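Let's walk through this structure together, moving from its interior out to its sheet and back again. Keep the viewer open as you read.

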Amino acid sequence: MKKAEDYSLLIHLSPLFKGISKEESLQLFSCLEVRHHSYRKGNYVFLAGQHTTDIGLLYSGQLDILQDDVWGNRRILERVTPGEMFAAAFSCADIERIPISVRATQPSEVLLFDYRRVLTTCSSACQFHTQLILNMLELLSRKSIAMMEKIGNITRHSTREKVLSFLSQQAQLRQTQSFEISFNRQELAEYLAVDRSALSTELGRLRDEGVLRFSKNHFELLS
């Protein structure tokens, strides 16, 4: 079992602890009653249909936020990397059944804590707990904006438009036209809600037209 001190790097990296010192963050671990869990690749942190009031914070590894329809078609809503918070919107909504699943795509370590422990400040009403609440609200807002941007990608009319919208967004985020994405082809198809073969065909066309170059998950957009 890890001790709070073992999470010093996570505290440094995670925007959830922005403006909170290491010592204050370690106090919060006790206040929030943080629990540590390990997951093998392919294991699920949360399953669609269950009820949870837990917020997750990824310590190591990688997670995908997934949504399946009644016909078994899967979409990747979000990819979670170390230091990032996940499932907060669904937990804070306190809905009876969450509509998403969270799956480990690599061996992963996760910290879980009840959202009510965040919103209920301790008896001393410490300033850093208030900062934690502000940080969580900021992160929820940023995730909402990111989801709106994704909707802008996947509601394009054609596979070509979806691909170009996504790659343009990635280039703008990184401020470079040469970059790597974290998705393989199947994952990118699920993220963009397109058929994998149609995605591969369109990427080949864009390469042949001189719009871009790519090798595996590395892309370069050409002027």
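What is the volume of the largest cavity? In this predicted model, the largest cavity has a volume of about 30 Å³. The structure holds one cavity of 30 Å³ or more. As for how such a space is found, rolling a probe the size of a water molecule over the atoms shows where empty space is left.

To locate the cavity in your viewer, select the residues that line it: Leu-16, Phe-17, Phe-29, Leu-32, Val-34, Leu-57, Leu-111 and Phe-113. Helix 2 and strand 8 are the elements that each give two or more residues to this lining.

Two of those lining residues, Leu-16 and Leu-57, come up again in the largest nonpolar core. This core has 24 residues, and Leu-16, Leu-57, Met-85 and Leu-132 are the ones that touch the most other members. At least two core residues come from each of helix 1 (8–13), helix 2 (22–32), strand 3 (54–60), strand 8 (108–114), helix 4 (115–119) and helix 5 (127–154). Helix 5 gives the most, with five residues. Leu-132 is a good place to zoom in: setting aside neighbours within four places in sequence, Leu-132 is in contact with Leu-16, Phe-17, Ile-20, Leu-28, Leu-32 and Val-118. There is also a second, separate core of 20 residues, which includes Tyr-191, Leu-192, Leu-199 and Leu-212.

Now turn to the sheet. Four strands form an open sheet in the order 2-7-4-5, with antiparallel pairing. At the edges are strand 2 (44–46) and strand 5 (74–80), each of which pairs on one side only. From one strand to the next, the twist averages 30°. Strand 4 (residues 63–68) and strand 7 (residues 101–104) pair through four bridges in the antiparallel sense. For a concrete example, follow Ile-65 to its bridge partner in strand 7, which is Val-102.

Across strand 4 and strand 5 lies helix 7 (residues 185–192), which runs at about 105° to strand 5. One residue of helix 7 that deserves a look is Glu-187. Is Glu-187 buried or exposed? Glu-187 counts as buried because its relative accessible area is 17%, and the cut-off for buried is under 20%. Leaving aside neighbours within four places in sequence, Glu-187 is in contact with Asp-64, Ile-76, Arg-79 and Ser-182. Of these partners, Asp-64 falls within the residues of strand 4, while Ile-76 and Arg-79 fall within those of strand 5.

Methods:
Residues numbered from 1 in each chain as written. Predicted model: local features only at pLDDT ≥ 70, side-chain atom pairs only at ≥ 80, totals over all residues. Heavy atoms only, no water. Core = buried A, V, L, I, M, F, W, Y, C linked by side-chain atoms within 4.5 Å. Buried < 20%, exposed > 50% of the residue type's maximum accessible area, 1.4 Å probe, protein only. Contact = heavy atoms within 4.5 Å. Pairing = 2+ DSSP bridges. Axes fitted to C-alpha atoms, helices over the stretch in contact; angles between N-to-C directions. 1 Å grid on protein atoms, 1.4 Å probe; cavity = no way out; pocket = protein on both sides within 12 Å on 5 of 7 lines; lining within 4 Å. Points joined across faces, edges and corners; volume = space filled by probe spheres on them.
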